[in-house]
Amino acid sequence: MKKTLLALAALTAFTGVAYAQSSVTLFGVVDLAARNTKNGSQSIKSLTSGGNATSRLGFRGVEDLGGGLRAGFWIEGDVVPDTGTGSGTGGAMTWTRRSTVSLMGGFGEIRLGRDYTPSFWNHVIFDPFGFIGVGGSSNVLSTLGSGAGTLVRANNTIGYFLPAMGGIYGQVMVAAGEGVTSPWNKYLGARIGYAAGPVNVAVAYGKTERGTLADFKDMNAGASYNLGFMTLMARYSKTEAGSVDQTNTEFGVTVPLGAGTFKAAYIKASGTGSTFDATQMAVGYVYDLSKRTALYTTFSRVNNDGNAATGARFTAGGAGPAFTAGGLTSTGYEFGLRHSF
């Protein structure tokens, strides 16, 4: 009897260690904003998700395999809280934001699955508005009619991330075409950067092969410097698709004010002809009610260049009424609430 009790105690202790070596976390964001977008002479009012952070639901976990080796997974999908649906066909919940499995250790990380591309990160990190909302840089960044679906994420990827190296960070990624009939989204990209103290700087390159269509290329660089009372940001990108190209130059700033942060950014986009030419100016303020909850407001104005026939048609927030002609102005403002868990 005594041996049995000792054996049960040992098994219980072992089970406790096993559980301590593994963890699974449920996480997410719910973000909704009242938004007004005016494109030319037409305007629309809406309740929109993702003005400050994209609404999402996810699960992630890590298992300690011993010897400094760990396994991990990350499953994450878009949520559309204004309608209570997912972003899939018919409002279905999908996991297309990220679906990966990883092996991690002193060598770095090997990651497989649907994931963010290396060439995407500089567009987010060095934009005060994080690429989204009426002030985000996504409003005036174009894939130039290439149809490439890899500006943000790619399917069927194998990626490698460097281990901690005294401020140096980086990754490489390949994505297979998997024999899909052309056009496909076969991707190859890399990113390298340095972050230490107040400085963060990175460069990236990505190429998407489209088969019978023109390849899409994204070359970009970004930098930020934290002065304490403000953080300055700059980003430059050049995208190409065959004989068509576009450059984006952005300057931004974030300033801590009380319990919140003031944000501002200016972006100049120019490219082949006037189809991709525009300027965007945006200002905003995020007020933190807690570490997880914030109120925010943003205003932006997009001036499209060119004439009615050939002018650009970029919009604030990437949405709103359809333009009746090119070269018109778009404005947007939003007031929102964001909660993360």
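# Group meeting: a pocket, some salt bridges and two loops

Hi everyone, let's start with the pocket: 36 residues line the largest one, and those nearest its centre are Ala-53, Thr-54, Arg-56, Gly-130 and Ile-132. Several elements give two or more residues to that lining, namely E2, strand E4 (69-80), helix H2 (121-125), strand E16 (278-288) and E17. The space in this largest pocket comes to about 830 Å³.

Before going further, please keep in mind that this is a predicted model. The protein chain has an average pLDDT of 93, and 94% of the residues score at least 70. The part to set aside is residues 1-20, where pLDDT stays under 50 and the model has 0 contacts beyond four places in sequence.

Now, back to the neighbourhood of those central pocket residues. Asn-52 is in the loop between strand E2 (42-49) and strand E3 (56-66). Is Asn-52 buried or exposed? Its relative accessibility is 18%, so Asn-52 counts as buried. What does the side chain of Asn-52 make a polar contact with? The partner is the side chain of Arg-338, at 3.0 Å. Beyond its neighbours within four places in sequence, Asn-52 is in contact with Asp-31, Ile-132, Lys-263, Val-286, Tyr-296 and Arg-338. You'll recognise Ile-132 from the pocket, where it is listed among the residues nearest the centre.

Arg-56 is on that pocket list too, and it brings us to charges. Arg-56 belongs to a network of salt bridges that also links Glu-76, Asp-78 and Arg-97. As a reminder, side chains of opposite charge can pair when their charged atoms come close. How many salt bridges does the structure hold? There are 11, and I'd like to walk you through three pairs.

The first pair on my list is Arg-235 with Glu-250, whose closest N and O atoms are 2.9 Å apart. This salt bridge links distant parts of the chain, with Arg-235 in strand E13 (residues 231-241) and Glu-250 in strand E14 (residues 244-257), 15 residues apart. Both partners, Arg-235 and Glu-250, are buried.

Next come Glu-240 and Lys-238, whose side chains meet in a salt bridge at 3.6 Å, N to O. Glu-240 counts as partly exposed because its relative accessibility is 23%. Lys-238 is also partly exposed, with a relative accessibility of 28%.

Then there is Asp-305 with Lys-268, where the closest N and O atoms are 3.4 Å apart. Here again distant parts of the chain are linked: Asp-305 is in the loop between E17 and E18, while Lys-268 is in strand E15 (residues 260-271), 37 residues apart. At 26% relative accessibility, Asp-305 counts as partly exposed, and Lys-268 does as well, at 31%.

Let's stay in that loop for a moment. Where is Gly-306? You'll find Gly-306 in the loop between strand E17 (293-304) and strand E18 (329-340). Gly-306 has 43% relative accessibility, so it counts as partly exposed. Leaving aside neighbours within four places in sequence, the contacts of Gly-306 are with Ser-274, Gly-311 and Gly-327. If you want a sense of scale, the C-alpha atoms of Gly-306 and Phe-73 are separated by 47 Å, and these residues are 233 apart along the chain.

That's my tour; thanks for listening, and I'm happy to pull up any of these residues on the screen.

Methods: Residues numbered from 1 in each chain as written. Predicted model: local features only at pLDDT ≥ 70, side-chain atom pairs only at ≥ 80, totals over all residues. Heavy atoms only, no water. pLDDT = per-residue confidence, 0-100. Contact = heavy atoms within 4.5 Å. Helix = DSSP H or I, 4+ residues; strand = E, 2+ residues; numbered from the N terminus. Buried < 20%, exposed > 50% of the residue type's maximum accessible area, 1.4 Å probe, protein only. Salt bridge = Lys/Arg side-chain N within 4 Å of Asp/Glu carboxyl O. Polar contact = N/O pair within 3.5 Å; in protein donor to acceptor, adjacent residues only side chain to side chain. 1 Å grid on protein atoms, 1.4 Å probe; cavity = no way out; pocket = protein on both sides within 12 Å on 5 of 7 lines; lining within 4 Å. Points joined across faces, edges and corners; volume = space filled by probe spheres on them.
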